[in-house]
Amino acid sequence: MLDNRLVDVLDVGHRLWGGSGLDRSLLERVVREGLDSDLVLGATPETTSPIGKVDRASFGRWSADQALWAALAGEVDSSTRSAYGNDAEFRVVDPGVSTASAIIVMRSGGEAIGAVAFGSDSFVVVVPPGATSVEVTYSVELASQRVEVDGISAALRREVKGEPVEQSLLWRLYAGYNTAVVDGISTTGSGRHPIHLRAVRGGAVLVGRMVHWVGKVVNRDSGDPTAKKRRIRFEHHPEYRDAANSCPDVRQSDPQPGAVVIAVHGTMACAVPLAADLRAVADPRLPVLRFEHDTWLPVHHNVNELVREITRLGTRRLLLVAHSRGGLVARHVADVLTSETDVDVRVVALGTPFLGTPVVEAVRVGQLGVKVLLGALRVVGGPVIDVGTRLAGFVLKTETPRGLEAMLPDSAYLSGFLHRKPVNTVTVSGYTDQNGLLDSYGLYLASGFSEAIFAKAPNDLVVSAESAAGRLDDAIPVQCDHFSYLLDPRVRNVIAAELRKFGPPEPPDDSVLTW
């Protein structure tokens, strides 16, 4: 237990682990990010360390924000509101235990469907060079710990009745000399949390915190309950407000008969960050729009909606820039438009599971956990993580939504495209090296590194390089994880080249595009 004295870890760590080969700068980074993190208000990977603070003031500020987002949500017109499934509501509850964090209760359709509380038990431990696994065992031994856990459990059961209270380990591994950072969550009934990893060079640091939660299984056909508020939060965030206003949702755009660029987001994400980057480099006269859609709904539902909007716009030349699952939507839309209209359409797909991804299997077993970041994108500046979506991810239980089920390698949806290469498409496939070559903050979505589920094949932690290539011989490989495509200069150059083809007018050959 750190007890908010992370600075002491440096001196203690040097004494305990000075001979382990651990680079001191790595431990300094662990401590710095812990001090700068807030598990409630954190909006980037750097500010959501598992050993960050969790205090009542944070919950109070977040509650005030929720009131603002609820008011903004009420201002959305009914036609737009109907496109976003059920809306999630949150409220903060005092657990009645002074040592415990507040409890966040998630409601949908007037019913409490989940609740979560962060425990005070956390740890920092060094993983020696060459280690291939770590097992964390959680047991309550002190009377004060038992009072806290019993109090949290009782409060959670009061909020969500009839479901068992579960305990998960939220962890992060800082590995290698240049630091590959991988996050994960482990839930077991035994209290033993095995974490499997590749042998690390130069040692690593594992940090973690216990999370207590309870959740009900929600209908997989009900839609993503966090979609609308996530979109509104990004649209009104100070870092993105101007870009969101200049890059409206396709549903809110006037007819655009010329060339148009549309940003298509991934699973449980938002298109605002992607659109903001596109707007920054596209010709000012080139319209950049967003397709904000519910990724729990079937892909064909999203496709039909976007085709309908493009037809309404009267667009003749179209560039779809898509991330993750959004690439499946974009590819399908391009197929429809190419076969049924004379629209000139091209696609740039970043980390799209054209051949599926085994990571979706992790969703099948119940708790989504930090898997809600499956489609998030890191950009230069601005938030990555929507707080409500991340917190909801700890408690959402569902049968695999059909929109996610489509990404299974053996899904009926993908079988229709299995032997058809994407047309007029540039595919970008990422690959990582968890031995310290990248500063990735990739979220691993099970109990160990991606090597296990991808059978050592190159991957970006979520999608294999082969799947993201889409069977195209000229696919572009880049060294990044699934969440960091827009940070790679080569990816930005690819998008800039496509924008030059579609933008009126052509930039001069000697122009310099600054991202």
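In which sense do strands E4 and E7 pair, and over how many bridges? In this predicted model, strand E4 (residues 133-137) runs antiparallel to E7, and five bridges join the two. One of the pairs places Thr 137 opposite Arg 192 of E7. Strand E7 itself, residues 192-196, shows an alternation of side chains: His 193 and Ile 195 are directed to one face and are buried, whereas Arg 192, Pro 194 and His 196 are directed to the other and are not buried. Arg 192, the bridge partner of Thr 137, thus belongs to the face that is not buried.

A second sheet is built with parallel pairing. This open sheet has six strands in the order E11-E10-E12-E13-E15-E17. Its edges are formed by strand E11 (288-291) and strand E17 (476-479), each of which pairs on one side only. From one strand to the next, the twist averages 20°. At the E11 edge, strand E10 (residues 259-264) pairs with E11 in the parallel sense over four bridges, and Ala 263 has Arg 290 of E11 as its bridge partner. Helix H16 (residues 489-502) packs on this sheet and touches E10, strand E12 (317-323), strand E13 (344-350), strand E15 (425-431) and E17. The direction of H16 makes about 175° with that of E13.

The nonpolar interior may be considered next. In soluble globular proteins, nonpolar side chains tend to be buried together. The largest nonpolar core here contains 67 residues, of which Ile 262, Leu 306, Leu 318, Leu 320, Val 333 and Phe 394 touch the most other members. Helix H10 (residues 326-340) gives the most to this core, with seven residues. Apart from this core lies another, of 37 residues, including Phe 234, Leu 274, Ala 276 and Val 478. Within the largest core, Leu 320 illustrates the contacts in detail: leaving aside residues up to four places away in sequence, Leu 320 touches Ile 262, Leu 306, Ala 330, Val 333, Val 345, Arg 346, Val 347 and Val 348.

Phe 394, also listed among those core residues, leads to helix H12. Nine of the nine residues of H12 (residues 387-395) are buried, so the helix is largely enclosed by the rest of the structure. The buried residues include Arg 390 as well as Val 387, Leu 391 and Phe 394.

A further buried position is found in helix H2 (residues 24-36), which holds Glu 33. Glu 33 counts as buried because its relative accessibility is 6%, under the 20% limit. The side chain of Glu 33 makes a polar contact with that of Tyr 174, at 2.8 Å.

Terms used. Residues numbered from 1 in each chain as written. Predicted model: local features only at pLDDT ≥ 70, side-chain atom pairs only at ≥ 80, totals over all residues. Heavy atoms only, no water. Buried < 20%, exposed > 50% of the residue type's maximum accessible area, 1.4 Å probe, protein only. Pairing = 2+ DSSP bridges. Core = buried A, V, L, I, M, F, W, Y, C linked by side-chain atoms within 4.5 Å. Contact = heavy atoms within 4.5 Å. Axes fitted to C-alpha atoms, helices over the stretch in contact; angles between N-to-C directions. Polar contact = N/O pair within 3.5 Å; in protein donor to acceptor, adjacent residues only side chain to side chain.
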